[in-house]
Amino acid sequence: MATDLKGPDIEDFCVLKPISRGAFGKVFLGCKKQNPDSIYAIKVLNKSDIVHRNMASQVIRERNALAISKSPFCVQLFYCLQNSSNIYMVMEYMIGGDLKSLLSEMGYFDEKMATFYTTEVALALEYLHKHGIIHRDVKPDNMLLSDKGHVKLTDFGLSRVHIGRGCVLGTPDYLAPELLRKKPHGPAVDWWSLGICLYEFLLGGPPFNDETPDKIFNNILERNIEWPPEDDDCLSSAAREAIEALLTLDPAERADGSQLRTLPLFDHLSWTQEILNADAPFMPQPKDHTDTTYFQARNCLQNLRVSQTDF
């Protein structure tokens with residue numbers, strides 16, 4: 001006797017409220033109609049917009065990267081659905097918000113907090129690189145916090161940045177020099193971006209920030225890093241050593257996870273999944289399992305208003 005094994009459909013889900021907007025689409029909090037306790041983040045991508053922006057290959061890469069990722073340090077994709085107008089990525093909901101928002105609230109992270117988050121992101125990158133995936137857009141906005149305060153990497157969207165008549169993938173402040181020079185590149189571009197993030201965690205802003213993208217790009221290519229005075233204790237010698245190792249211009253000489261493990265800044269941390277058993281430096285306190293408060297700072301930073309009708 002034949003059995004009807006109908007797969008999931010977007011009509012099986014209902015939207016609870018908007019969360020945020022990313023490079024490619026809007027994200028909503030949703031649940032299954034038959035199981036309201038199953039909460040998801042649903043990214044909605046308009047097909048016409050994807051085609052118009054010539055971003056189909058990037059969306060496919062994001063879907064594929066999320067689909068094969070089974071790391072506890074990467075956000076999980078449960079379903080990829082579509083109808084005539086939209087693509088829907090039904091993902092794990094990270095209730096603690098993103099590190100960019102948390103950083104904007106706190107100003108900077110102390111060394112213990114910064115190294116904890118950097119280690120968990122490094123473990124995510126090692127997993128991705130092992131499976132042939134280069135993220136290319138590592139930044140605090142794409143680091144999300146679980147209800148336990150642990151970080152997961154998300155948004156494999158590879159946003160484009162235009163340089164003159166061409167374009168590269170990523171976000172200006174976090175781009176590796178080889179990407180700007182449009183040279184062949186590999187996983188080292190992600191380790192450069194992680195070095196930018198570590199600097200930003202500890203000092204409150206990225207090292208190459210400037211008034212325009214062109215000035216940022218020049219600062220990156222010249223490796224114009226503004227270090228605090230030596231008599232200022234806001235950055236330890238161990239932290240500077242780690243940042244220097246990651247922000248090495250030559251990708252062949254740039255530190256990766258295996259080198260970071262050996263540096264004094266990280267020698268107190270577990271570089272395995274055991275780190276998930278450690279107490280996180282910040283513990284989200286949501287009101288309930290549908291709370292989206294921790295994403296409000298992100299939306300305010302980007303002056304975003306996301307309406308429910310966008311679904």
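## The turn after helix H7

Let's begin with a single residue: Arg223 is found in the loop between H7 and H8. The model shown here is a predicted one, and in it Arg223 sits just after H7 with a positive phi of about 50°. Arg223 is a residue other than glycine, so to speak of its positive phi is to single out a detail of the backbone worth a look on screen. Its side of the story is mixed as to solvent: Arg223 is partly exposed because its relative accessible area is 24%, which lies between the 20% limit for buried and the 50% limit for exposed.

A second positive phi turns up at Arg136, where the value is near 75°, again in a residue other than glycine. Arg136 has its place in the loop between H4 and S6.

## Two helices with a buried face

Which residues of H7 are buried? Ile216, Phe217, Asn219 and Ile220 are. They cover an arc of only 160° around the axis, and therefore they lie on the same side of H7. Asp214 and Glu222, on the other side of H7, are exposed.

Helix H8, residues 237-246, has its own buried set: Ala238, Ala239, Ala242, Ile243 and Leu246. Looking down the axis of H8, these buried residues fall within an arc of 135°, so they line one face of the helix. And what covers them? Helix H4 (111-130), helix H6 (188-203) and H9 are included in that cover.

## The nonpolar cores

The largest nonpolar core holds 63 residues, and those with the most contacts inside it are Tyr117, Met143, Leu198, Phe201, Leu260 and Phe266. At least two residues of this core come from each of helix H3 (99-106), H4, strand S6 (143-145), strand S7 (151-153), helix H5 (177-180), H6, helix H7 (213-222) and H8. H4 gives the largest share, eleven residues.

Leu260 is a good place to zoom in. Leaving aside neighbours within four places in sequence, Leu260 is in contact with Trp191, Leu194, Leu246, Ala255, Phe266 and Trp271. Apart from the largest core there is a second, separate one of 19 residues, which includes Val27, Ile39, Ala41 and Leu45.

## Leu102 in helix H3

Leu102 lies in helix H3. Is this residue buried or exposed? Leu102 is buried, because its relative accessible area of 10% is under the 20% limit. Not counting residues up to four places away in sequence, Leu102 touches Phe109, Met113, Tyr117, Leu145 and Phe282.

Leu102 also makes a nice example of a link across the chain. Leu102 and Tyr294 are 192 residues apart in sequence, yet their C-alpha atoms are 8.1 Å apart in space.

## The open sheet

Five strands form an open sheet, in the order S1-S2-S3-S5-S4, and the pairing is antiparallel. At the edges are strand S1 (13-21) and strand S4 (77-82), each of which pairs on one side only. From one strand to the next, the twist averages 30°. As background, strands of a sheet pair through backbone hydrogen bonds, either parallel or antiparallel.

How many bridges join S4 to strand S5? There are five, and the two strands run antiparallel, with S5 spanning residues 86-92. A hairpin of three residues joins S4 to S5. In the register of this pair, Leu81 has Tyr88 in S5 as its bridge partner, while Cys80 stands opposite Met89 in S5.

## Thr292 in a loop

Thr292 lies in the loop between helix H9 (257-260) and helix H10 (296-301). Thr292 is buried even so: its relative accessible area is 10%, and the limit is under 20%. Beyond its neighbours within four places in sequence, Thr292 is in contact with Lys17, Pro18, Ile19, Leu29 and Tyr93.

## Confidence

The protein chain averages a pLDDT of 87, and 85% of the residues score at least 70. Where should you take care? Over residues 159-167 the pLDDT is below 50, although this stretch has 30 contacts in the model beyond near neighbours in sequence.

Conventions
Residues are numbered from 1 along each chain as its sequence is written. This is a predicted model: local features need pLDDT of at least 70, side-chain atom pairs count only at pLDDT 80 or more; totals for chains, interfaces and linings use all residues. Side-chain values use heavy atoms; hydrogens and water are left out. Helices (H or I, at least four residues) and strands (E, at least two) are DSSP runs, numbered from the N terminus. Buried means under 20% relative accessible area, exposed over 50%, partly exposed in between (1.4 Å probe, protein chains only). Contact means heavy atoms within 4.5 Å. Two strands pair if DSSP finds at least two bridges between them. Axes are lines fitted to C-alpha atoms, for helices over the stretch in contact, and angles run from 0 to 180 degrees between N-to-C directions. The arc is that of the directions from the helix axis to the C-beta atoms. A nonpolar core is a set of buried Ala, Val, Leu, Ile, Met, Phe, Trp, Tyr and Cys residues joined through side-chain atoms within 4.5 Å. pLDDT is the predictor's confidence in each residue, from 0 to 100.
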